[in-house]
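Q: Please take a close look at the salt bridge in this model. Set it in the context of the whole chain.

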Amino acid sequence: TASPLRAFENELGVQAPVGFWDPLGLARDGDMTAFARRRATEIKHGRVSMLACVGYIVPEYVKFPGYLAPKSGLLFEDVPGGLNALSKVPGAGVAQFVAFAGAMELNFLQADATRG
């Protein structure tokens, strides 16, 4: 058939017998620009998720020596694992983390439009 979805049949990841699978119909209009943006966003979210898993697991086995917050006497080894760490880390530390992530997202880790 002459469906706009045929535009995506030759994309990486399309496999028989299903072919191009779009259960929500997000690519119904055949817009390649929107498709490329969604694909890049999906890859980026997958990478962030993998890093989050590593960041959740590694502190259970490895702790930095020394102080996390010298003024308050908080050692790295005193910080619990997982989400409980948010209750121990000072607000300024959380703010630094958010500012760093924002700077990476907005300034440094931009997609290269020439790479398709």
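A: Buried residues (under 20% relative accessible area, 1.4 Å probe, protein chains only) make up 11% of the 116 residues in the protein. This is a predicted model: local features need pLDDT of at least 70, side-chain atom pairs count only at pLDDT 80 or more, and totals for chains, interfaces and linings use all residues. Residues are numbered from 1 along each chain as its sequence is written, and side-chain values use heavy atoms, without hydrogens and water.

The protein has 3 helices and 2 strands (DSSP runs: H or I, at least four residues, for helices; E, at least two, for strands; numbered from the N terminus). Their order from the N terminus is α-β-β-α-α. Contacts are heavy atoms within 4.5 Å. Of those between residues at least 6 apart in sequence, 23% join residues at least 24 apart.

Now the salt bridge. The structure holds 1 (a side-chain nitrogen of Lys or Arg within 4 Å of a carboxyl oxygen of Asp or Glu). Its partners are glutamate 105 and lysine 44, with the closest N and O atoms 2.4 Å apart. Glutamate 105 sits in helix 3 (residues 91-108) and lysine 44 in helix 1 (residues 32-57), so the pair ties together parts that are 61 residues apart in sequence.

How covered are the two ends? Glutamate 105 is partly exposed (between the buried limit and the exposed one, over 50%), at a relative accessible area of 38%. Lysine 44 is also partly exposed, at 33%.
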